[in-house]
Amino acid sequence: MKSLYIDCSMGAAGDMLTAALLELLPDPDAAVTELNALGIPSVRFSTHPSTKCGIMGTHVSVKIHGREEIDHEQLHGHEHPHEHEYPHEHEHSHEHRHSLEHGHTHEHRHSLGRDHLHEHSHHSHRSMHQIGHILEKLPISQSVREHAISVYDLIAQAESSAHGVPVSEIHFHEVGTMDAVADVTAVCLLMEKLAPDEVIVSPIHVGSGQVACAHGILPIPAPATAHILRGAPIYGGSIQGELCTPTGAALLRHFATRFGDMPVMQVEKIGYGMGIKDFSAANCVRTMIGESSTGTTETVWELQCQIDDMTAEMIGFAAERLLEGGALDVFTVPAGMKKSRPGTLLSVLCREQEKETILSLLFRHTTTLGIRETKQRRHYLARTIETHDTPFGPVREKISSGYGVTRSKLEYEDLAHIAKENDINMEELKTRLNIG
């Protein structure tokens, strides 16, 4: 299985992800040439080497209208809130402030020509429909186009929630739009080229403190970023600044097969995508691609409670609701309780992103007054589903492999359905199917 691991321990921005993925390709320069040939309006990609904390990587920059977008702090050397005047500000997305990304404390990048930027900021905005129109005209595959639209939809939904306005009223500032279109399209195109079977994203370092924007002073992570990353493992850390932007968050959320630790894998290539600012830690996104045929390891939580005043039917119903809520497994063990009462130990396994939901369901559907939690490592075989066409109809086969073993099993629901329809027993059906 080809696995792509994305290390976001120093946050993530669209251009940093682009650079990190470019380094995984056999010919990054050819990919940049292809990106420039797409004809994204007013956009030009370029790359150059960058070193952070002694690590060499790649920085991707984007020119819009022929101008290099740079960070305001880099230009002036100090913190300074940006005082754009935005008419009808409630119709603007935060994306016009955050999508111009270089993965640094304050994600605004100002053109060397401030008058040029203001010229566009006062009258040019694009809706989701217009974004789709731009993407529709690009010479990209339908798959890349659909991925890009889905990423933008995540951003628009987050902005809608943050501002309390319908998605139809969310508009993106033109300069920010084209920069974000460039980042989103580039990452979607590169992901298609790499074609990983799974994408594992580390817990995301979002930064800490506050960020100044057109709406005032906001906490980090910005409201849109926080909304997009709901349920994903994130942390603030000690670095003051915005390390993960809405565009970066949406790209990670869209492509992540799961969030967690790096799997057991044979790494074939490593990529480093660099931001502009310098911190005490390397300001970069690291990507690794390789084979993970030896199984998978992840961190899970075991939640337990003891119950002595629920019937078997009630516990069974609770178990069903827990599985529907995202639990990996639910099981019970007989337990001796206080006052010599026979009771039940209810155990639930879940991932970090489902833990709060599972806790709520446990309290809602059981009579427990307290729940214990234990963090554990879970090792499991990689699983794929293969569908066989048979005289009786399609039958799915679950194939599990890793750690030197391979196992397969026909899907019970498919077999049961066929056996009932043809009035035969399971053993006879398996013999007649002759699969595996």
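**Figure 1. Long-range contacts across the whole chain.** In this predicted model, residues 24 or more positions apart account for 73% of the contacts in the protein chain with a separation of 6 or more. The secondary structure to look for comes to 14 helices and 24 strands. Of the 436 residues, 53% count as buried. The chain exposes about 20,000 Å², and carbon and sulfur atoms supply 50% of that area.

**Figure 2. The largest nonpolar core and a second one apart from it.** Here you can explore a core of 66 residues, in which Ile6, Ile40, Phe45, Val201 and Ile204 have the most contacts. Helix 8 (residues 174-194) gives the largest share of this core, with 12 residues. Another core, of 17 residues, lies apart from the largest one and includes Leu303, Leu346, Leu361 and Leu362.

**Figure 3. A closer look at Ile40.** This view picks out Ile40, one of the residues with the most contacts inside the largest nonpolar core. Leaving aside neighbours within four places in sequence, Ile40 is in contact with Phe45, Leu138, Met178, Val181, Ala182 and Thr185. Phe45 also belongs to the group with the most contacts inside that core.

**Figure 4. The largest pocket and its lining.** About 340 Å³ of space lies in this pocket. Its lining has 19 residues, and those closest to the pocket centre are Glu198, Thr257, Arg258, Arg351 and Tyr380. Strand 15 (258-259), strand 21 (372-380) and strand 22 (382-390) are the elements that each give two or more residues to the lining. By class, the lining divides into 7 nonpolar, 4 polar and 8 charged residues.

**Figure 5. The second largest pocket.** Have a look next at a pocket with a volume of about 290 Å³. Gln306, Ile307, Asp308 and Asp309 are among its lining residues, as are Met337, Lys338 and Arg341. Thr367, Thr368, Leu369, Gly370 and Arg372 also line this pocket. The lining is made up of 3 nonpolar, 4 polar and 5 charged residues.

**Figure 6. Helix 13 and its packing partners.** Helix 13 spans residues 412-422, and its buried residues are Asp414, Leu415, Ala416, Ile418 and Ala419. These buried residues pack against strand 23 (393-402), strand 24 (405-410) and helix 14 (426-433). Follow the chain just past the helix to find Asp423, which takes a positive phi of about 50 degrees.

Definitions and conventions
Residues are numbered from 1 along each chain as its sequence is written. This is a predicted model: local features need pLDDT of at least 70, side-chain atom pairs count only at pLDDT 80 or more; totals for chains, interfaces and linings use all residues. Side-chain values use heavy atoms; hydrogens and water are left out. On a 1 Å grid over the protein atoms alone, a cavity is a set of points where a 1.4 Å probe fits but cannot get out, and a pocket is an open set with protein on both sides within 12 Å along at least five of seven lines; lining residues have an atom within 4 Å of a point. Grid points are joined across faces, edges and corners, and a volume is the space filled by probe spheres set on the points. Helices (H or I, at least four residues) and strands (E, at least two) are DSSP runs, numbered from the N terminus. Ala, Val, Leu, Ile, Met, Phe, Trp, Tyr, Cys and Pro count as nonpolar, Asp, Glu, Lys and Arg as charged, and the others, Gly among them, as polar. Buried means under 20% relative accessible area, exposed over 50%, partly exposed in between (1.4 Å probe, protein chains only). Contact means heavy atoms within 4.5 Å. Accessible areas come from the Shrake-Rupley method with a 1.4 Å probe; for residues, only the protein chains shown count as cover. A nonpolar core is a set of buried Ala, Val, Leu, Ile, Met, Phe, Trp, Tyr and Cys residues joined through side-chain atoms within 4.5 Å.
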